[in-house]
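The following paragraphs lead through one protein model, from its helices to its loops. The reader is invited to keep the structure in view throughout.

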Amino acid sequence: MDKNILYTAICAAVEAGAEIMNVYTDPDADFEIERKADNSPLTVADRKSHQVIAARLASTPYPVLSEEGKAIPAEERLKWKELWVVDPLDGTKEFIKRNGEFTVNIAYVKEGHPEAGVIYIPVKKELYFADCEWGAYKVENITSVEGVTLEQLIRYGHRLPYTNEHAHKDFVIVASRSHLTPETEAYINEMKQKYQQVETVSKGSSLKLCLIAEGKADVYPRFAPTMEWDTAAGHAIIRAAGKEVYQAGSDKPLQYNKTELLNPWFIAK
C-alpha cells in the first residue's frame, strides 16, 4: 500500500497508545468498565483509543471497521473492497488486570486479505508494522513518531522474523492467557507426543501473533472464539514475515470482511 497511508496508521496506533497509557498510569483513574452484549469488558481507554484512530484514519481513502465503532450492516460492508480493520484496545481483560499485555491493532484489508498491519504495545513501547510487499518490522522504545519518517522506522527496526541469534531449541507453542480451552490443551498434548521438547508460552491479546512473526514461537493454535479485529493486524504482520494463519483443519488462510465477523478456529505458524 501507499507508504504515506501506512505511516498514517502507525501514527494512529502510537497516538492511541499514548491515550491508553494516560488512563492506565493514572492512579486515580476510573476505568469506567462497562459490559458489551457478549459480556466482554469495555473501558474509557477503549473509547479514547477508538476516537484517536478514527480521526487519524478519516484522512485516508478507506472506511473503518472497528470493534468500538458503530455496527455496520453486512450488505454495506461487503461492498468495501479495501478497508481498515481496527481493535483500539486488544486485550481489555489484560488492561483491567494491569499486566501490560494489551495492544492497539490496525490492519489494511484488500479483497478479504490482510495486506498491511500495525500493532503497538503501549506498556513495552514496542511497534510492529508490515506490508506484504516490503516485509515486517519491529521497532523498540517508541512513544512518539513525531518527526520520524517511515524510512527511518524501517532503518531503526528489526526485520522479522529474527535470524538465528533468537533461535530456540524447543518446539514453542504460544497460547492465550485468558482463553485456554480443552481443545487447545488437547492440541498441546498432541504436540508433546510429536516433539521431544515442547515449551508452552501464555500471552494476552495479539502478542501471540507477534511471537509467531518474530520466530520466537512455532505455532499458535486458537480453538476459541475471536473476531476479525483481534487477528487482522497480526495476520498481516505474520504474512509479511513469511508465515500464515490457517483455518483449523485446512490449508485456507483466514478471510476478512466476511458476512459474519467471527473467525473460525485457526492455527498460526
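In this predicted model, E10 and E12 each contribute at least two residues to the lining of the largest cavity. The complete lining consists of Ala175, Ser176, His179, Leu180, Thr184, Pro221, Arg222, Phe223 and Ala224. By class, five of the lining residues are nonpolar, three are polar and one is charged. The space enclosed in the largest cavity amounts to about 40 Å³. A search of the whole structure returns one cavity of 30 Å³ or more.

Thr184, one of the lining residues of the largest cavity, leads to helix H6, where Thr184 is buried together with Tyr187, Ile188 and Met191. Viewed down the axis of H6, these buried residues fall within an arc of 100°, so they line one face of the helix. A general property of helices is relevant here: an α-helix has 3.6 residues a turn, so residues three or four places apart point the same way. The buried residues of H6 pack against four strands, namely E10 (171–176), E11 (198–203), E12 (220–222) and E14 (266–268). On the other side of H6, Pro182 and Gln193 are exposed. Helix H6 comprises 13 residues, 182–194, and extends 19 Å from its first C-alpha to its last, close to the 18 Å expected at 1.5 Å a residue.

Asn189 also belongs to helix H6. Its relative accessibility is 43%, and therefore Asn189 counts as partly exposed. Between the C-alpha atoms of Asn189 and Phe171 there are 12 Å in space, while 18 residues separate the two in sequence.

Phe171 appears again in the surroundings of Asp218. Asp218 is situated in the loop between helix H7 (207–214) and E12, and with a relative accessible area of 29% Asp218 is partly exposed. Setting aside neighbours within four places in sequence, Asp218 contacts His168, Asp170, Phe171, Val172, Ile212, Ala268 and Lys269. Asp218 and Glu199 lie 19 residues apart in sequence, and their C-alpha atoms are 10.0 Å apart in space.

Helix H2 offers another example of helix packing. H2 spans residues 44–57, and its 14 residues should cover 20 Å at 1.5 Å a residue; the end C-alpha atoms are 20 Å apart, which agrees. The buried residues of H2 are Val44, Ala45, Asp46, Ser49, His50, Val52, Ile53 and Leu57. These buried residues pack against helices H1 (3–24) and H4 (92–97), as well as strands E2 (41–42), E3 (64–66), E4 (82–90) and E5 (103–110).

Which residues does Ser49 contact, leaving aside its neighbours within four places in sequence? They are Ala16, Ile20, Pro88 and Val104. Ser49 lies within helix H2, and because its relative accessibility is 0%, below the 20% limit for a buried residue, Ser49 counts as buried.

The loops hold several backbone features that merit inspection. As background, most residues other than glycine have a negative phi, and most peptide bonds are trans. Arg98, in the loop between H4 and E5, has a positive phi, near 60°, and is not a glycine. At 40% relative accessibility, Arg98 counts as partly exposed. Asn141 likewise is not a glycine and has a positive phi of about 60°. Its place is the loop between strand E8 (135–139) and helix H5 (150–156). The relative accessible area of Asn141 is 60%, which means that the residue is exposed.

A cis peptide bond, with omega of about 0°, joins Leu160 and Pro161. Pro161 is located in the loop between strand E9 (158–160) and E10, and E10 is among the strands against which the buried residues of H6 pack.

The final loop position considered here is Lys252, found between strand E13 (245–247) and E14. With a relative accessibility of 53%, Lys252 counts as exposed. Not counting residues up to four places away in sequence, Lys252 touches Val245, Tyr246 and Gln247. Lys252 and Lys192 are separated by 60 residues in sequence and by 25 Å in space, C-alpha to C-alpha.

How values were computed: Residues are numbered from 1 along each chain as its sequence is written. This is a predicted model: local features need pLDDT of at least 70, side-chain atom pairs count only at pLDDT 80 or more; totals for chains, interfaces and linings use all residues. Side-chain values use heavy atoms; hydrogens and water are left out. The expected span of a helix is 1.5 Å times one less than its number of residues. Buried means under 20% relative accessible area, exposed over 50%, partly exposed in between (1.4 Å probe, protein chains only). The arc is that of the directions from the helix axis to the C-beta atoms. Contact means heavy atoms within 4.5 Å. On a 1 Å grid over the protein atoms alone, a cavity is a set of points where a 1.4 Å probe fits but cannot get out, and a pocket is an open set with protein on both sides within 12 Å along at least five of seven lines; lining residues have an atom within 4 Å of a point. Grid points are joined across faces, edges and corners, and a volume is the space filled by probe spheres set on the points. Ala, Val, Leu, Ile, Met, Phe, Trp, Tyr, Cys and Pro count as nonpolar, Asp, Glu, Lys and Arg as charged, and the others, Gly among them, as polar.
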